[in-house]
Structures are given as C-alpha cells and as structure tokens.
Amino acid sequence: MFLRSRSEEVVPNGCAVLILHGRQSPDPSSKECCATWGLIAGAIAALVSEGLIEEEKFDSFNVPYYYTPSAN
C-alpha cells in the first residue's frame with residue numbers, strides 16, 4: 001500500500017529510492033540515522049559539481065520523508 005501510494009508522486013519514467021534506516025540504540029530519539037542524509041547530500045552535490053545534474057534541479061530536489069513513530 002505504501003509503494004502504491006508513492007507511485008502517484010513519481011513522474012512518468014521517474015525513480016523512487018527507498019531507504020530503510022536502522023539504529024543500534026533502542027532510543028527512538030537517537031540521531032544515528034542523520035548521517036545518511038549527509039551522505040546523500042554529498043553524493044548529489046558531487047553529481048552537480050561534475051555536471052551530471054543541473055544545479056537548478058538540485059535546488060528544487062524534494063525528498064519526502066515518511067516514518068512511523070515508535071509506540072511507547
């Protein structure tokens with residue numbers, strides 16, 4: 001159901017990336033998963049600097065973030 005719902009957001013012939021975060025800490029407020037966003041930003045910035053992605057597209061890039069809050 002999640003993927004079916006997201007398919008409505010993808011442009012024709014577009015792509016979606018599904019990232020599943022994990023953490024070692026049982027604390028749901030842990031910031032362990034934040035490093036992933038820095039790595040993704042760096043990789044995309046490198047593609048821009050190499051001319052593989054237009055800077056205007058990078059500036060308008062949108063990453064929806066969906067998560068399930070942990071039940072306490």
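## Second largest pocket and exposed sites

The second largest pocket holds about 170 Å³ of space. The model is predicted, and the values below are computed from it. Rolling a probe the size of a water molecule over the atoms reveals where empty space remains.

The lining of this second largest pocket is formed by Ile-44, Leu-47, Ile-53, Lys-57, Phe-58 and Phe-61. Two helices, α2 (34–49) and α3 (55–59), each contribute at least two residues to that lining. By residue class, the lining comprises 5 nonpolar residues, no polar residues and 1 charged residue. Lys-57 is among the lining residues and is the charged one, because Lys counts as charged, whereas Ile, Leu and Phe count as nonpolar.

Turning to the surface, Phe-2, Leu-3, Leu-18 and Leu-20 make a nonpolar patch of about 460 Å². One of these residues, Leu-3, is placed in helix α1. Leu-3 is classed as exposed because its relative accessible area of 58% is over the 50% cut-off.

Gly-22 is located in the loop that lies between α1 (2–7) and α2. Gly-22 also has a relative accessible area of 58% and is therefore exposed. From Gly-22 to Glu-32 the separation is 10 residues in sequence, while their C-alpha atoms are 8.4 Å apart in space.

The two exposed residues are set out below.

| Residue | Relative accessible area | Class |
|---|---|---|
| Leu-3 | 58% | exposed |
| Gly-22 | 58% | exposed |

Key:
Residues numbered from 1 in each chain as written. Predicted model: local features only at pLDDT ≥ 70, side-chain atom pairs only at ≥ 80, totals over all residues. Heavy atoms only, no water. 1 Å grid on protein atoms, 1.4 Å probe; cavity = no way out; pocket = protein on both sides within 12 Å on 5 of 7 lines; lining within 4 Å. Points joined across faces, edges and corners; volume = space filled by probe spheres on them. Helix = DSSP H or I, 4+ residues; strand = E, 2+ residues; numbered from the N terminus. Buried < 20%, exposed > 50% of the residue type's maximum accessible area, 1.4 Å probe, protein only. Patch = residues over 30% accessible without salt bridge, like charges linked within 9 Å, V, L, I, M, F, W, Y side chains within 5 Å. Areas by Shrake-Rupley, 256 points an atom, 1.4 Å probe, with all protein chains shown as cover. Salt bridge = Lys/Arg side-chain N within 4 Å of Asp/Glu carboxyl O.
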